[in-house]
Amino acid sequence: MSFVTLGLNRYLLYAIEKQYYTHPYPIQERVIPQILKGKDLLGIAQTGSGKTASYVLPTLQLLQGKAVAKNRHINTLVLVPTRELAIQVQKVYKSFNDHLEQGIKYLAVYGGVSINPQMMDLQGVEILVATPGRLIELLEKNALYLNEVELLVLDEADKMLNLGFKDEMTTILNLLPKKRQNLLFSATLSSDLGAIQALILQNPITVEIEAETQNIDLITQLAYAVEDLKKGPLLRYLIKHHQMNQVLVFASSVHRADAIADKLSNNGYSAMAMHSKKSQGARENALYKFKSGDIQVLVATDLMSRGIDIPFLPFVINYELPRSPKDYIHRIGRTGRAENAGTAISFVNKEEQHHFGIIQKKIKKQVVLSNTDEIDLKGL
Ligand code: AMP
């Protein structure tokens with residue numbers, strides 16, 4: 001299958017070529033033609049499946065050659081749960097739009113940074129990527145209007161519901177015109193999602209991509225039975241032993257993430273923590289430094305396990321197990337992305353062993369729990 005058969009015009013095909021995408025991923029193959037036909041769509045696919053391009057490409061095409069909307073009356077609204085995802089989606093728009101003959105004006109708006117520059121940048125914007133909170137702030141300031149929106153995308157809709165955006169979503173939905181195209185993407189099909197799905201989608205086409213299992217097949221999963229006191233030394237041993245130049249470590253809380261990053265720094269490793277209590281600037285800085293190889297270890301909480309795209313990340317370590325198997329999948333899915341192999345290592349203490357069994361059952365994969373007794377952790 002090639003991108004040519006999906007109904008994309010030559011400008012978009014040229015932009016795709018410039019990204020060196022040789023063939024569409026399954027989600028793109030199934031979703032792009034439907035979006036171009038104007039259908040409502042429910043896409044069950046997680047980050048790593050290529051879902052962003054699956055809506056970015058057709059939403060750019062739908063605006064090609066179309067008369068520009070009235071100033072501050074956006075045409076396409078993409079709602080996302082986190083600032084990081086907003087920035088990432090904006091980058092994907094940029095990567096394609098830069099190569100179009102007739103570029104479309106797009107913008108990402110999110111909280112945690114000053115609102116004024118965003119208000120100025122809204123001039124002439126046709127595609128807006130937004131987190132709900134900041135969008136509402138902008139609406140309250142009459143910085144933009146939603147009454148001419150023709151297409152709504154909800155990305156990571158399940159996460160949006162988890163993060164308690166219900167009231168904000170209701171406010172936003174009430175401001176949108178009734179007649180519009182709706183695209184809803186979610187990693188899971190939860191019952192909460194059912195409610196919002198019924199609310200916004202009209203006779204939707206449902207596309208489900210089992211990216212989770214596909215992804216997992218590419219990931220080597222290892223686990224160590226280790227008591228809490230030895231987790232720190234074991235982490236340092238593994239970083240050394242596997243010569244990990246880029247490793248994402250997951251912690252169970254903000255406090256734990258800070259403590260793990262501090263301990264690593266004290267031991268001479270370049271490490272930073274990234275979590276919801278850090279300022280937007282600090283989060284972006286940490287992610288940028290990690291992606292560019294300036295720091296070796298990024299310690300993150302589960303909020304960060306979604307939506308963050310780090311191509312070719314070789315190692316993920318669960319310093320503490322996540323509560324849900326879903327989060328486990330999201331965490332380890334940060335490696336083994338875009339058809340690359342990766343390694344995910346879990347630290348499992350005695351209390352976590354039963355829970356680890358449940359995770360394995362859920363993901364239908366057995367992971368060997370190795371003993372750490374034989375590893376020499378002295379001096380680490
Ligand atoms: P996403 O699920 O949207 O976060 O995308 C995951 C990664 O896959 C990103 O790094 C994309 O650049 C990459 N990607 C998406 N579609 C393709 C494609 N058709 N060929 C190669 N890489 C792709």
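## Close-up views of a two-domain model with a ligand

**View 1. A matched pair in strand β11.** Let us start with a single pairing: Met-274 has Ala-300 as its bridge partner in β11. This is a predicted model, so please read every view below as a look at a prediction. Zooming out a little, β10 and strand β11 (residues 297–300) run parallel and are joined by four bridges.

**View 2. The sheet that holds β10 and β11.** Here seven strands make up an open sheet, and following them across gives the order β10-β11-β9-β12-β13-β8-β14. The pairing in this sheet is parallel. Which strands stand at the edges? They are β10 (271–274) and β14 (369–371). Each of these two has a single partner strand, so one of its sides is left without a neighbour in the sheet. On average, neighbouring strands here are turned by 25 degrees against each other, direction ignored.

**View 3. Another open sheet of seven strands.** This sheet is also parallel in its pairing, and its strands come in the order β3-β4-β2-β5-β6-β1-β7. The edge places belong to β3 (106–109) and β7 (205–208). Because each of them has a single partner strand, one side of each lacks a neighbour in the sheet. From one strand to the next, the twist averages 10 degrees.

**View 4. Inside that sheet, β2 beside β5.** Take a closer look at strand β2 (residues 76–79) and strand β5 (residues 151–154), which run parallel and are joined by four bridges. If you would like one pair to find by eye, try Leu-77, whose bridge partner in β5 is Leu-152.

**View 5. Two domains and the ligand between them.** The domain assignment divides the protein chain into domain 1 (3–210) and domain 2 (213–371). Taken over C-alpha atoms, the centres of domain 1 and domain 2 are 29 Å apart. Why does the ligand lie between the domains? Both domain 1 and domain 2 give residues to the shell around the ligand, so that is where the ligand sits.

**View 6. The shell around the ligand.** How many residues surround the ligand? There are 15, and the closest are Tyr-21, Gln-28, Gly-48, Gly-50 and Thr-52. By kind, the shell residues divide into five nonpolar, seven polar and three charged.

**View 7. Polar atoms at the ligand.** Begin with Tyr-21: an N or O atom of its side chain lies 2.6 Å from an oxygen atom of the ligand. Tyr-25 also takes part through its side chain, where an N or O atom is 3.1 Å from a nitrogen atom of the ligand. With Ser-49, it is a backbone N or O atom that lies 3.1 Å from a ligand oxygen atom. The ligand exposes 500 Å² when taken alone, and the protein buries 84% of that.

Definitions and conventions. Residues are numbered from 1 along each chain as its sequence is written. This is a predicted model: local features need pLDDT of at least 70, side-chain atom pairs count only at pLDDT 80 or more; totals for chains, interfaces and linings use all residues. Side-chain values use heavy atoms; hydrogens and water are left out. A residue is near a molecule or strand if one of its heavy atoms lies within 4 Å of it. A polar contact is a pair of N or O atoms within 3.5 Å; within protein, one must be able to donate a hydrogen and the other to accept it, and residues adjacent in sequence count only if both atoms are side-chain atoms. Accessible areas come from the Shrake-Rupley method with a 1.4 Å probe; for residues, only the protein chains shown count as cover. Ala, Val, Leu, Ile, Met, Phe, Trp, Tyr, Cys and Pro count as nonpolar, Asp, Glu, Lys and Arg as charged, and the others, Gly among them, as polar. Domain bounds come from an automatic or database domain assignment. Two strands pair if DSSP finds at least two bridges between them. Axes are lines fitted to C-alpha atoms, for helices over the stretch in contact, and angles run from 0 to 180 degrees between N-to-C directions.
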